[in-house]
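New to this structure? Take a moment to look it over, and then we can walk through a few of its parts together.

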Amino acid sequence: MTTNNTAGQDSTAHDGRTQGTTERDAAAGERAPVALVGLGPMGVALGEALLRRGHPLTVWNRTPGRAGALVARGARPARTVAEAVAAAPVTVVCLKDYATTHEVLGAADGALRGRTLVNLASGTPAEAREAVDRAAAHGAEYLDGAIMVPPPLVGQPGAVFLYSGAQEPFDRHRAVLESMGDPRHLGADPGLAVLYNTALLEMMYTTMNGFLHAAALVGSAGVTAARFSELALGWFMPVILDASFAQQAPALDLGHYPGDEGTLEMNLNALEHIARTSEEQGVHTAQPRLLVEIAEAAVARGHGADNYLAVFEVLRRAAPTA
Ligand SMILES: NC(=O)c1ccc[n+]([C@@H]2O[C@H](COP(=O)([O-])OP(=O)(O)OC[C@H]3O[C@@H](n4cnc5c(N)ncnc54)[C@H](OP(=O)(O)O)[C@@H]3O)[C@@H](O)[C@H]2O)c1
């Protein structure tokens, strides 16, 4: 999921598992080297998971300072994206979107021959198919992927990563993919991973907005989101809402939406992908466009660097009249 929706995780269990994984993997022998391009909140989480599993890791990011924590834990910083790609048979790319991915990898064209690219950016099926052609034109294999968990759950048991494209590179690099999560290959059509991802994200966002709008409605009578979540969960669980809403509700009451694990800007990107994919696939677009409009209004109110829940600041007020 791309919301920074980290609720539902138990930090003690999280830390415990991480420690266990580190000890297991120290004994596991040599791991394949990996290059990682893109060190936003998700890229850093991927890098941490790969280092935990013992992969020699070379990293590159437009803003070099973001590599600091990974370098401190043993990653090698590359001076250029071409140097990063040349350092390993497989490059995991986790940038904002496909346009950024093409722009960044354009500087590594000469280094791509014989390498495998694993692109984990959000996008549309047409963008994924185009990316395969671009990679092939430079002699690279390409796997398209989509991450179904927020950064803190990357590398943890049950962290589902969707992949599509040729089966052979998926099988060959399976050990690397398993170091980041639980890899599921959906089929040879490279557009499938982002299509599944988009469909699941739309379910997530519409459910979240349903809860947030309901919280805004009862909030108009002075009921806190925390109090409302108790009744909402008792009534709706386990089919529609999940326990994460109860954990997030106090943040709504405080108007506290820290975006360190994923920003509203990043989620707006995902919503735009849902709208564009709906258009590409020839289905109705009004619902995703409404989600985009609400998120854009929250960004316009200055919440772009906050997390997705900041759309509550829009939902809890009357829409401005034209
Ligand atoms: N965070 C989540 O919860 C989550 C969950 C699932 C999937 N994803 C997907 O993972 C991908 C990365 O997400 P994220 O959370 O790490 O943050 P993001 O804000 O979507 O992407 C940040 C990354 O993109 C780079 N970037 C942006 N514009 C660039 C440009 N013009 N040129 C070069 N690099 C540029 C940033 O470099 P700088 O550091 O230099 O700005 C940084 O490496 C996105 O496609 C997102 O949809 C995220």
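Here is a short tour of two helices and a surface patch, bearing in mind that the model is predicted.

## Helix 6

Let's start with helix 6, which runs over residues 125–137 and has 13 residues. From its first C-alpha to its last it reaches 19 Å, close to the 18 Å expected at 1.5 Å a residue.

Look at which residues are tucked away: Pro-125, Glu-127, Ala-128, Ala-131 and Ala-135 are buried. They cover an arc of only 160° around the axis, so they sit on the same side of helix 6. Flip to the other side and you'll find Asp-133, Ala-136 and Ala-137, which are exposed. The cover over the buried residues includes helix 5, strand 5, strand 6, helix 9 and helix 12. After the helix comes Gly-139, with a positive phi near 75°.

## Helix 12

Helix 12 also helps cover helix 6, and its own length works out nicely. Its 17 residues should span 24 Å at 1.5 Å a residue, which agrees with end C-alpha atoms that are 24 Å apart.

Plenty is buried here, including Leu-264, Leu-268, Leu-271, His-273 and Ile-274. Among the elements covering the buried residues of helix 12 are helix 6, helix 9 and helix 13. Just past helix 12, Gly-282 has a positive phi of about 75°.

## A nonpolar patch

Now for the surface. Tyr-196, Leu-200 and Met-203 make up a nonpolar patch there, and together they have about 310 Å² of accessible area. Leu-200 belongs to helix 9. With a relative accessible area of 37%, Leu-200 counts as partly exposed.

Note on methods:
Residues numbered from 1 in each chain as written. Predicted model: local features only at pLDDT ≥ 70, side-chain atom pairs only at ≥ 80, totals over all residues. Heavy atoms only, no water. Helix = DSSP H or I, 4+ residues; strand = E, 2+ residues; numbered from the N terminus. Expected span 1.5 Å × (residues − 1). Buried < 20%, exposed > 50% of the residue type's maximum accessible area, 1.4 Å probe, protein only. Arc of directions from axis to C-beta. Contact = heavy atoms within 4.5 Å. Patch = residues over 30% accessible without salt bridge, like charges linked within 9 Å, V, L, I, M, F, W, Y side chains within 5 Å. Areas by Shrake-Rupley, 256 points an atom, 1.4 Å probe, with all protein chains shown as cover. Salt bridge = Lys/Arg side-chain N within 4 Å of Asp/Glu carboxyl O.
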